[in-house]
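Biologist: I am new to this one and would like to know what stands behind the words people use for it. Could you show it to me, so that we can go through them together?

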Amino acid sequence: MAVVGDPRRLKVALIGLGRMGRTHATALRDVPSVEVVAVVDPSAPSREAARDFFPAADTFENYADALGSVDACIIVSPTPLHPRTVSDALAAGVHVLCEKPLALDVAAARNLHDAAEKSGCVLQIGHWRRFSPPWATAKRLVDDGAIGRPLWIRLSQWDANPPPASFCDPKVSGGLAIDCGVHEYDLAEWFFGEPVTTVRAWNLPLVDVSLATVGDVDNLCAVLGFASGRTAVVDLSRNSRYGDDVRTELLGERGAIFVDLLPTGRARLADADGVREIDGSQAVDATLAGVAAQAHAFARRVAGDDIDVPTAAASARSTLIGHAVMESARTSREVTLTP
């Protein structure tokens, strides 16, 4: 295992130490290919808290002061700040792993994709579920033909409680359809290997009435269509109360794959031989495992390894679908998308 100061480790600035930033910080302590040498946050208490995670790291109030001393940055700041921060990092020749969504504006995300291509820097998006053991195992099973051709997928994300209305504001976080939904839309296209072509969505009755003041909802469902005739069904909620419940169910020609996180992360394969849990798919905390694995993949990608990581183009796609979900729910009409 590499040690602090090892020149083989990717020297990283962690930008943002809020709720999700602390999840990244916790995960990054166990990633030997990454060394966090700087932590950036405008909040003095957050900068002080950074020392509990990375005692040797420098702390900064402004990310611009950290970019000159690192190879890469991991951006976990509020979504509206992503585009400018990413643009400045790329201009400084710094590789970027940015939390999802990259930008609420689809065109901005596509422009950042082009900027990364021109700069020669890696721009990876934090679709961590692709790297978390339960979903990574499920994708391997699909690619290996374990259930034959996948036909239908259900993707559920039910959070126990909603964040404050100020965060749920679609202008701030993208709202339920984007902030939560982009993970599911990305997985749908990732598993099927083709783009969504149609969207039909419905908002369900409001539970937390404070969300109405910012124009968001706390429950919705959407049906995503594909040119092949396959279908994805997405259901999102912010009021399951019993815990953060995330499930993915894939139905194929010869069986099914089930991914769930409660009571612990795992993937199960169901076929003519029965239903069985797949070794290597288990994760007590699938979020931490996924965030750690995506950081390692990021370090490998920066090092030049030819591995598949979600790009800015993937973020633009999932955000585009999220906007279509909101439009369909608002107009009660199906929305057609172009690849």
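**Salt bridges, burial and strands**

Modeller: Gladly! Let us start with R129 and E184, whose side chains meet in a salt bridge of 2.4 Å, N to O. The two belong to distant parts of the chain, 55 residues apart: R129 is in the loop between β6 (123–125) and α5 (133–143), and E184 is in helix α7. This is a predicted model, where local features need pLDDT of at least 70 and side-chain atom pairs count only at pLDDT 80 or more, while totals for chains, interfaces and linings use all residues. Residues are numbered from 1 along each chain as its sequence is written, and side-chain values use heavy atoms, with hydrogens and water left out.

Biologist: Why is the pair R129 and E184 called a salt bridge?

Modeller: The term asks for a side-chain nitrogen of Lys or Arg within 4 Å of a carboxyl oxygen of Asp or Glu. R129 and E184 have N and O 2.4 Å apart, so the pair meets that rule. By this rule the count comes to 19 salt bridges.

Biologist: What makes R84 exposed and D88 partly exposed?

Modeller: Buried means under 20% relative accessible area, exposed over 50%, and partly exposed in between (1.4 Å probe, protein chains only). R84 has 58%, so it is exposed, whereas D88, at 25%, counts as partly exposed. These two also form a salt bridge, with the closest N and O atoms 3.1 Å apart. Both sit in helix α3 (residues 82–91), 4 residues apart, which is about one turn of the helix.

Biologist: How do you know whether D260 is buried or exposed?

Modeller: D260 has 10% relative accessibility, so it counts as buried. Its salt-bridge partner R268, 3.6 Å away from N to O, has 22% and therefore counts as partly exposed. Salt bridges that share partners join D260, R266, R268 and E277 into one network.

Biologist: And what is the nearest side chain of opposite charge to E99?

Modeller: That is K100, 5.1 Å away, and E99 is buried yet has no salt bridge. Lys and Arg count as positive, Asp and Glu as negative, and His and the chain ends are not counted. E99 does have a polar contact of 2.8 Å with the side chain of H24. A polar contact is a pair of N or O atoms within 3.5 Å; within protein, one must be able to donate a hydrogen and the other to accept it, and residues adjacent in sequence count only if both atoms are side-chain atoms.

Biologist: Where is E99 found?

Modeller: E99 is in the loop between β5 (95–98) and α4 (106–119). Helices (H or I, at least four residues) and strands (E, at least two) are DSSP runs, numbered from the N terminus.

Biologist: How do you know that β8 and β9 pair?

Modeller: Two strands pair if DSSP finds at least two bridges between them. Strand β8 (residues 196–203) and strand β9 (residues 219–226) have 7 bridges, in the antiparallel sense, so they qualify. One of the partners in β9 is G225, which faces T198 in a bridge. Strand β13 (residues 266–271) and β14 run antiparallel with 4 bridges, and a hairpin of 2 residues joins them.

Biologist: What makes β14 and β15 edge strands?

Modeller: The open sheet has 9 strands in the order β14-β13-β12-β11-β7-β10-β9-β8-β15, with mixed pairing. β14 (274–277) and β15 (335–336) each have a single partner strand, so one side of each is left without a neighbour in the sheet.
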